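Thanks for coming. I have one model to go through today, and I will keep it brief.

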Amino acid sequence: MATGLAQRLLDWFQRHGRHDLPWQNPQTPYRVWVSEIMLQQTQVATVLGYFERFMRRFPDVQTLAQAPSDEVMQYWAGLGYYARARNMHAAARRIVDEHGGELPDNAESLRALPGIGESTAGAILSLAFGRPAAILDGNCKRVYARYFGEPGWPGETRIARRLWAYARQHTPADRPGDFAQAIMDLGATLCTRKKPDCRRCPLNADCRALAEDAVECYPYPRPKKQRPLRQARLLAVMDDDRVLLEKRPPSGIWGSLWSLPEIGEGFTAEDHARQMLGLQLEDARPLESFTHGFTHFELQITPWIGRKGQSAGVADEGQLRWYSLARLPGVPAPVAKFLANLPTRNESS
DNA sequence: AATACGGGGCG
DNA sequence: CGCCCAGTATT
C-alpha cells in the first residue's frame, strides 16, 4: 500500500514547502489571523508588503483594537474587500473584551468572530494552535479536485461539501499545521491553475486528473456571466489644494473608505453640493469618464470638478472632511489615481 | 442557495 | 482582456 496523501504532502513540505513567509516567523495566533484575513481572495505576493506595514503599526491585538477605524482602513486601502478590515477591527475589540486579548483556540469561538468562517478558523487552529482542523481555500480545492478527479464547479454547494469532506478526512491529527501549509504550498507552487508541474508533485502516482491527462480541466471553472455596466458621477469639490471627501457607508462598494462624494441620481452637481454637502458649488464641469471593473459589474465613473463657494448650511459633519491632495487618507485605487492626475493648481483654460 | 464584495497578477 | 486568487457575510 502506498504512503497516504497526508504523509506524502508532509514529506514534500519539509523539503520543498515555504518556511520563510513573514507570518510564519514568528507564527503567533495574531499574525496567522491577520495574514489569513489579508490572504482571502488576495495573492501572497500582494499581501507581503501590506502585512509588514500592518504589523509595524498594529503589532498586537490590543494595538489594533485601540486604533481608530480610519487608520485601520488606511492601512488596508488597495487590498480590496474592505469589509475584511472592518470585521477584523471589530473582532479585535471583541477579542480584547471577551477573550482577554488572546485569540480563542476553539472553532466555535473563532467562528463567532466577524470575518472568520470555516476555513479561516481551521487555518488559525491548525497553523497557530496545532489543532487538527481542516482548511479549504482555493489551493486546497484545486489539489483535491484534481487528486480525486472531482467534477463540477466548487462554487456549487454540493461540490463544496464533497471537497470539505476530503479535507476533513485527510487532515492528520499529527502536524495538522504543516499539513495545512503543505497543501496550500503545493497548490501555490506545483499544482497551479495553469501549467502545473506534475512531474515534481508528490501526489502524481495516483492523481486522478493526471491519470486522465486532464489536469487543467479541474477544478471546473465558474460559469461565465457578462457583467452589467453601472454609472456613477463623483464630485471633486476643490478649495485650493484641498478636496472634500466623504466616508462611504460600511456596506457596499468601497465600504467605510473615504472617497469622492457620489452625486445622487437625478441631482445636478450643484444641487447635490447644496443639499447633501452644504455648500455652494462654482464652475462645476464634468471631466473625462473612465471605467473601473469590479468582479460583478463595470462602473463607468464620470468625475465632476468644481470650486467651493460659500457654505450653505449644515452638512453631514463626521462623514465629510477636507483633505490636502498631498495628504490623502486611504481612498479607492481608481479614485486615488484620478486625484493624483489632477493639476495641483485648479487651472482651467 | 445564490450573490456581493475589489484590486492585482498573469498569459 | 478574461480569469483567478490563503472566503465570508448577506439576502
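I will take the two DNA strands in turn, and then one pair of helices. Keep in mind that this is a predicted model.

Start with DNA strand B. The protein places 24 residues around DNA strand B, and the closest are Tyr 81, Thr 157, Trp 254, His 292 and Thr 295. If you take the atoms of strand B within 4 Å of the protein, 56% are sugar or phosphate atoms and the rest are base atoms.

Now the polar contacts to strand B. The side chain of Tyr 81 has an N or O atom 2.2 Å from a base oxygen of DNA strand B. For Thr 42, a side-chain N or O atom is 3.3 Å from a base nitrogen of that strand. Gly 252 uses its backbone: an N or O atom there lies 3.2 Å from a phosphate oxygen of DNA strand B. As for secondary structure, the elements giving two or more residues to this surface are helix H10 (157-170) and helix H14 (333-340). By residue class, the surface near strand B has eleven nonpolar, eleven polar and two charged residues.

Next, DNA strand C. Here 28 residues surround the strand, and the closest are Leu 39, Gly 115, Asp 137, Asn 139 and Arg 142. Of the strand C atoms within 4 Å of the protein, 66% belong to sugar or phosphate, and the rest to bases.

Which atom of DNA strand C is 2.6 Å from a side-chain N or O atom of Asn 139? It is a phosphate oxygen. Gly 117 also reaches a phosphate oxygen of strand C, with a backbone N or O atom at 2.8 Å. Gln 181, in contrast, is paired with a base: a polar atom of its side chain lies 3.5 Å from a base nitrogen of DNA strand C.

Three helices, H8 (118-129), H9 (138-147) and H11 (176-189), each supply at least two residues of the surface near strand C. That surface divides into ten nonpolar, eleven polar and seven charged residues.

That leaves the helix pair. H9 and H11 pack with their axes 8 Å apart, at an angle of about 80°, so H9 is roughly perpendicular to H11. On the H9 side, the contact involves Asn 139, Cys 140, Arg 142, Val 143 and Tyr 144. On the H11 side, the partners are Phe 179, Ile 183, Met 184, Leu 186, Gly 187 and Ala 188. The residues of this contact are eight nonpolar, two polar and one charged.

Conventions. Residues are numbered from 1 along each chain as its sequence is written. Chains are lettered from A and ligands numbered from 1 in the order in which they are written. This is a predicted model: local features need pLDDT of at least 70, side-chain atom pairs count only at pLDDT 80 or more; totals for chains, interfaces and linings use all residues. Side-chain values use heavy atoms; hydrogens and water are left out. A residue is near a molecule or strand if one of its heavy atoms lies within 4 Å of it. A polar contact is a pair of N or O atoms within 3.5 Å; within protein, one must be able to donate a hydrogen and the other to accept it, and residues adjacent in sequence count only if both atoms are side-chain atoms. Helices (H or I, at least four residues) and strands (E, at least two) are DSSP runs, numbered from the N terminus. Ala, Val, Leu, Ile, Met, Phe, Trp, Tyr, Cys and Pro count as nonpolar, Asp, Glu, Lys and Arg as charged, and the others, Gly among them, as polar. Axes are lines fitted to C-alpha atoms, for helices over the stretch in contact, and angles run from 0 to 180 degrees between N-to-C directions. Angles under 35 degrees count as roughly parallel, over 145 as roughly antiparallel, 65 to 115 as roughly perpendicular and the rest as oblique. Contact means heavy atoms within 4.5 Å.
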